[in-house]
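Open your viewer and keep the selection tool ready. This tour goes from one stop to the next.

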Amino acid sequence: MPLEPANELRQLVAELGQWMRYQRRLGRLGVEQEEPAPPPAKAPVVPLFPTLAEIREELGDCQRCKLARGRTHIVFGQGSRRADIMFIGEGPGEEEDLQGLPFVGAAGGLLNKMLNKLGLPREEVYIANIVKCRPPGNRDPESDEVNSCLPFLKKQIESIRPKVIITLGRVATRCLLGTQAPLTRLRGQWQRYKKIQVMPTFHPSYLIRFPQERWKTWEDMQQVMEFLARHEDN
Ligand code: URA
């Protein structure tokens with residue numbers, strides 16, 4: 001008696017299963033195992049910006065400008081690579097040239113005092129200069145010297161990505177912001193370098209000569225601290 005179509009189909013499937021098991025036992029039929037799919041390729045983690053160590057390496061025993069001839073040490077910069085605040089001065093003086101560290105002379109003494117007053121450990125900020133080698137007699141760095149050196153400072157800024165940059169004095173402010181505006185107009189007024197807030201203020205050497213002006217820089221620093229307090233989590 002013919003089977004119902006549904007039963008016939010069930011029987012066929014059962015027989016096919018039996019046949020396949022038999023063939024498999026004989027080794028004639030292997031169910032092709034699909035190659036396990038490779039895990040999705042992770043994009044290699046390429047840091048967006050070079051590290052400070054890589055920038056220092058690229059700088060090498062720099063001979064890109066004439067300041068190299070008179071220097072004792074390159075003053076690359078000092079501080080935390082995660083600093084929220086970056087101070088930028090003009091260029092190393094005599095003591096900085098000897099030690100290879102920024103702001104370790106008289107101006108550095110005053111900067112340290114300000115940091116103490118603000119409750120900012122020096123090792124938590126980052127300190128650098130527009131040029132990394134001492135201009136002879138502490139003259140202003142010349143434009144060819146700034147042009148050779150500034151790209152390295154800019155890379156340091158990109159690497160650290162501070163929340164605020166404080167430019168110390170006319171040279172640092174003008175060179176970083178690419179302006180000829182007088183410091184007296186810029187000081188105490190928020191500026192921008194790329195997307196970073198910049199607070200121009202007086203250079204500590206100027207404040208040593210004109211202590212009656214210190215309160216202005218103190219006010220500028222207060223603005224910075226208030227800004228940071230408001231942007232603590234970002
Ligand atoms: N003055 C600067 O501008 N930078 C230093 O590092 C020291 C003194």
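How much space lies in the second largest pocket? About 290 Å³. Keep in mind that this is a predicted model.

**Stop 1: the second largest pocket**

Select Leu-48, Phe-49, Pro-50, Thr-51 and Leu-52. Add Arg-81, Arg-82, Ala-83 and Asp-84. Finish with Ser-159, Ile-160 and Arg-161. Together these residues line the second largest pocket. By class, its lining has 6 nonpolar, 2 polar and 4 charged residues.

**Stop 2: the largest pocket**

Now move to the largest pocket, with a volume of about 590 Å³. Its lining counts 27 residues. Start at the middle: Glu-90, Ala-107, His-203, Ser-205 and Tyr-206 lie nearest the centre. Next, colour the helices and strands, and look for the elements that give two or more residues to this lining. They are α3 (94-99), α4 (106-118), α6 (169-177), α7 (183-186) and α8 (204-209). The lining of the largest pocket splits into 10 nonpolar, 9 polar and 8 charged residues.

**Stop 3: the ligand**

Stay where you are and show the ligand. The space it takes is the largest pocket. Which residues surround the ligand? Select Gly-89, Glu-90, Gly-91, Glu-96, Pro-102, Phe-103, Asn-129 and His-203. This shell holds 2 nonpolar, 4 polar and 2 charged residues.

Turn on distances and check three contacts to oxygen atoms of the ligand:

- Glu-90: a backbone N or O atom lies 2.7 Å from a ligand oxygen.
- Phe-103: a polar backbone atom is 2.9 Å from a ligand oxygen.
- His-203: an N or O atom in the side chain is 2.8 Å from a ligand oxygen.

Is the ligand mostly buried or exposed? Taken alone, the ligand exposes 240 Å², and the protein buries 92% of that.

**Stop 4: the cavity**

Leave the ligand and look for an enclosed space. How many cavities of 30 Å³ or more does the structure hold? The count is 1. The largest cavity has a volume of about 90 Å³.

To find the largest cavity, select Leu-59, Cys-62, Arg-64, Cys-65, Leu-67 and Ile-74. Then add Val-131, Lys-132, Cys-133, Ser-148, Cys-149 and Phe-152. These residues line the cavity. Highlight helix α5 (residues 143-160) as well: this helix gives the largest share of the lining, 3 residues. By class, the cavity lining has 9 nonpolar, 1 polar and 2 charged residues.

Key. Residues numbered from 1 in each chain as written. Predicted model: local features only at pLDDT ≥ 70, side-chain atom pairs only at ≥ 80, totals over all residues. Heavy atoms only, no water. Near = heavy atom within 4 Å. Polar contact = N/O pair within 3.5 Å; in protein donor to acceptor, adjacent residues only side chain to side chain. Areas by Shrake-Rupley, 256 points an atom, 1.4 Å probe, with all protein chains shown as cover. 1 Å grid on protein atoms, 1.4 Å probe; cavity = no way out; pocket = protein on both sides within 12 Å on 5 of 7 lines; lining within 4 Å. Sits in = over half its atoms within 2 Å of the grid points. Nonpolar A, V, L, I, M, F, W, Y, C, P; charged D, E, K, R; others polar. Points joined across faces, edges and corners; volume = space filled by probe spheres on them. Helix = DSSP H or I, 4+ residues; strand = E, 2+ residues; numbered from the N terminus.
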